[in-house]
Amino acid sequence: QVQLVESGGGWVQPGGSLRLSCTASGSIFSIYAMGWYRQGPGKQRELVAVVTVGGRTNHADSGKGRFTISRDNAKNTVYLQMNSLKPEDTAVYYCKLAEGVYKSGSLRVGGVAYWGKGTLVTVSS
């Protein structure tokens, strides 16, 4: 079993910054990628950013130029630095871990996905 614990959420004024962290623990066979999703009030959950164990990153358009994802593989930890926050960034931010599986001798995305319980980010005046 794998457990994800997020931290770093809170209240911030527009233009402010927050740094989220997520640490995975438990019976982890292999990690293909870790990422951040968010769900605002009355909205669907959406991808914010993802980073693979090899270091490749992808950021959604909503956060490009403002958000940066990074990871520490040795600590099984992923971070999300959020700058120039806007009210529309208000949401519960969830950490996701995607296990990898070996196919044809290489590690590919697959297996079980695990989710954290989320951390609330509120951006308001």
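In what order do the 4 strands of the open sheet line up? Keep that in mind as you open the viewer, and remember that you are looking at a predicted model.

**Stop 1: the open sheet**

Select β1, β3, β8 and β7. That is the order in which these 4 strands form an open sheet, and their pairing is antiparallel. Now look at the borders: β1 (2–7) and β7 (67–72) are the edge strands, each with a pairing partner on one side only. Going from one strand to the next, the twist averages 15°.

Zoom in on β7 together with β8, residues 77–82. This antiparallel pair is joined over 6 bridges. To see a facing pair, pick Arg71 and then look across to β8, where Val78 stands opposite.

**Stop 2: the disulfide**

Next, select Cys22 and Cys95. The structure holds 1 disulfide, and this is the pair that forms it, with the two sulfur atoms 2.0 Å apart. If the term is new to you, a disulfide is a covalent bond between the sulfur atoms of two cysteines.

Which strands does it link? Cys22 sits in β3 (residues 18–26) and Cys95 in β9 (residues 91–103), so-called distant parts of the chain, 73 residues apart. Turn the view to look along the S-S bond: its torsion is about -80°, so this disulfide is left-handed.

Are these cysteines buried or exposed? Cys22 has 0% relative accessibility and therefore counts as buried, the cut-off being under 20%. Cys95 is also at 0%, so it counts as buried too.

**Stop 3: a charged residue inside**

Stay on β9 and pick Glu99, which lies in this strand. Glu99 is buried, yet it has no salt bridge. Which side chain of opposite charge is nearest to it? That is Lys96, 12 Å away.

Show the surroundings of Glu99 to see what it does touch. Leaving aside residues up to four places away in sequence, its contacts include Val2, Phe29, Tyr32, Arg108, Val112 and Tyr114. Ser27, Ser30 and Gly110 are also among them.

**Stop 4: strand β11**

Now select β11, residues 119–123, and show its side chains. They alternate: Thr119, Val121 and Val123 point to one face and are buried. Leu120 and Thr122 point to the other face and are not buried.

This strand has partners to visit. Add β2 (residues 10–12), which pairs with β11 in the parallel sense over 3 bridges. Here Val12 stands opposite Val123. Then bring back β9, which runs antiparallel to β11 and is joined to it by 3 bridges. In this pairing, look for Val92 opposite Leu120.

**Stop 5: two serines with positive phi**

Finish in the loops. A bit of background first: most residues other than glycine have a negative phi. Which way do the next two serines go, positive or negative?

Select Ser84, in the loop between β8 and β9. Its phi is near 50°, a positive value in a residue other than glycine. With 40% relative accessibility, Ser84 counts as partly exposed.

Then move on to Ser104, in the loop between β9 and β10 (106–115). Ser104 also has a positive phi, about 55°, although it is not a glycine. Its relative accessible area is 78%, so Ser104 is exposed.

Key: Residues numbered from 1 in each chain as written. Predicted model: local features only at pLDDT ≥ 70, side-chain atom pairs only at ≥ 80, totals over all residues. Heavy atoms only, no water. Pairing = 2+ DSSP bridges. Helix = DSSP H or I, 4+ residues; strand = E, 2+ residues; numbered from the N terminus. Axes fitted to C-alpha atoms, helices over the stretch in contact; angles between N-to-C directions. Disulfide = S-S within 2.5 Å. Buried < 20%, exposed > 50% of the residue type's maximum accessible area, 1.4 Å probe, protein only. Lys, Arg positive; Asp, Glu negative; His and termini not counted. Salt bridge = Lys/Arg side-chain N within 4 Å of Asp/Glu carboxyl O. Contact = heavy atoms within 4.5 Å.
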